[in-house]
Amino acid sequence: MFDMTCRLLKSSPLVLLFDDLGQNLDGTGFLDPGFGEVFERLCQAADRGRVLATSRMPLPPAVAERLGTLCLGQPDLDAGMELAAGLPYLFTLDPFTRERVARTAAAHPRSLHLLDAWLSANQGGIGPRLAAVPPGAAPLGPVMADLTAQQREILLQAAISMVPVTAHDLAVGSVTC
């Protein structure tokens with residue numbers, strides 16, 4: 001499979017996306033040297049195809065030079081506040097708390113959606129739940145910690161599923177891969 005991917009990157013107009021590559025970095029390089037080698041080989045293979053990576057952390061110099069870099073600023077807080085005001089649970093919060101949520105999520109749309117769902121699950125405990133997520137941090141850790149083992153398993157199965165997963169599938173725990 002890996003060799004075929006390399007051949008396709010060399011000869012086809014294929015884009016291989018690494019979303020949030022920063023999760024694999026420690027500030028000086030890749031956390032897993034084996035992943036670094038694989039990533040390097042994929043980048044070297046890209047001729048007609050392209051490798052696209054997103055990251056909130058700076059890429060190691062050798063990787064940044066090979067890929068080229070386009071730095072985007074932080075999401076705009078006003079846009080984050082507007083999005084938060086349109087989400088089902090965050091809409092019900094007072095403006096001060098809604099701004100606190102938007103700042104905590106660094107106004108990132110996916111994080112705001114995740115926080116909306118997470119906070120709505122236990123509306124009485126919003127203060128301690130929100131305090132568990134440092135401002136600007138990805139809220140996935142505290143959210144995952146709140147889930148039961150079965151809920152985590154269903155979420156992980158849905159995340160790697162090759163078939164569409166509906167909200168009903170998640171609610172009844174019927175996701176199969």
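# Exercises on salt bridges, helix packing and exposure

D3, with a relative accessibility of 46%, counts as partly exposed. The model used in these exercises is predicted.

**Exercise 1.** Determine how many helices and strands the protein holds, and in what pattern they follow one another.

*Solution.*
Step 1. The secondary structure amounts to ten helices and two strands.
Step 2. Along the sequence, these elements follow the pattern α-β-α-β-α-α-α-α-α-α-α-α.
Step 3. For the chain as a whole, 29% of the 177 residues count as buried. The protein exposes about 11400 Å², and carbon and sulfur atoms supply 60% of that area.
Step 4. Among contacts between residues at least 6 apart in sequence, 61% join residues at least 24 apart.

**Exercise 2.** State how many salt bridges the structure holds, and explain what the salt bridge of D3 and R41 ties together.

*Solution.*
Step 1. There are two salt bridges in the structure.
Step 2. In one of them, the side chains of D3 and R41 meet at 3.6 Å, N to O. The cut-off for a salt bridge is within 4 Å, so this pair qualifies.
Step 3. D3 belongs to helix α1 (residues 2-11) and R41 to helix α2 (residues 33-45), so the salt bridge ties together parts that are 38 residues apart in sequence.
Step 4. D3 is partly exposed at 46% relative accessibility, and R41 is also partly exposed, its relative accessible area being 44%.

**Exercise 3.** Describe the salt bridge between E99 and R103 and the place of both residues in their helix.

*Solution.*
Step 1. The closest N and O atoms of E99 and R103 are 2.8 Å apart.
Step 2. Both residues lie in helix α5 (residues 95-104), four residues apart, which means that about one helical turn separates them.
Step 3. E99 has a relative accessibility of 28% and counts as partly exposed. R103, with a relative accessible area of 48%, is partly exposed as well.

**Exercise 4.** Decide whether α1 and α2 are roughly parallel or roughly antiparallel, and identify the residues that make their contact.

*Solution.*
Step 1. Two packed helices are described by the angle between their axes and by the distance between those axes.
Step 2. The axes of α1 and α2 come within 8 Å and cross at roughly 30 degrees.
Step 3. Angles under 35 degrees count as roughly parallel. Helix α1 is therefore roughly parallel to α2.
Step 4. From α1, the contact involves F2, D3, T5, C6, L9 and K10; from α2, it involves V38, R41, L42 and A45.
Step 5. Sorted by class, the contact of α1 with α2 comprises six nonpolar, one polar and three charged residues. D3 and R41, listed in this contact, are also the partners in the salt bridge of Exercise 2.

**Exercise 5.** Classify T28 and L83 as buried, partly exposed or exposed, and give for each residue a C-alpha separation from a residue distant in sequence.

*Solution.*
Step 1. T28 is located in the loop between β1 (15-18) and α2. With 70% relative accessibility, T28 counts as exposed, because the cut-off for exposed is over 50%.
Step 2. T28 and P61 are 33 residues apart along the chain, and their C-alpha atoms are separated by 8.9 Å.
Step 3. L83 is located in helix α4 (residues 77-85). Its relative accessibility of 27% makes L83 partly exposed.
Step 4. L83 and H113 are 30 residues apart in sequence, while the C-alpha to C-alpha distance is 8.9 Å.
Step 5. When residues up to four places away in sequence are not counted, L83 touches P109, L112 and H113.

Conventions:
Residues numbered from 1 in each chain as written. Predicted model: local features only at pLDDT ≥ 70, side-chain atom pairs only at ≥ 80, totals over all residues. Heavy atoms only, no water. Buried < 20%, exposed > 50% of the residue type's maximum accessible area, 1.4 Å probe, protein only. Axes fitted to C-alpha atoms, helices over the stretch in contact; angles between N-to-C directions. Parallel < 35°, antiparallel > 145°, perpendicular 65-115°, else oblique. Contact = heavy atoms within 4.5 Å. Nonpolar A, V, L, I, M, F, W, Y, C, P; charged D, E, K, R; others polar. Areas by Shrake-Rupley, 256 points an atom, 1.4 Å probe, with all protein chains shown as cover.
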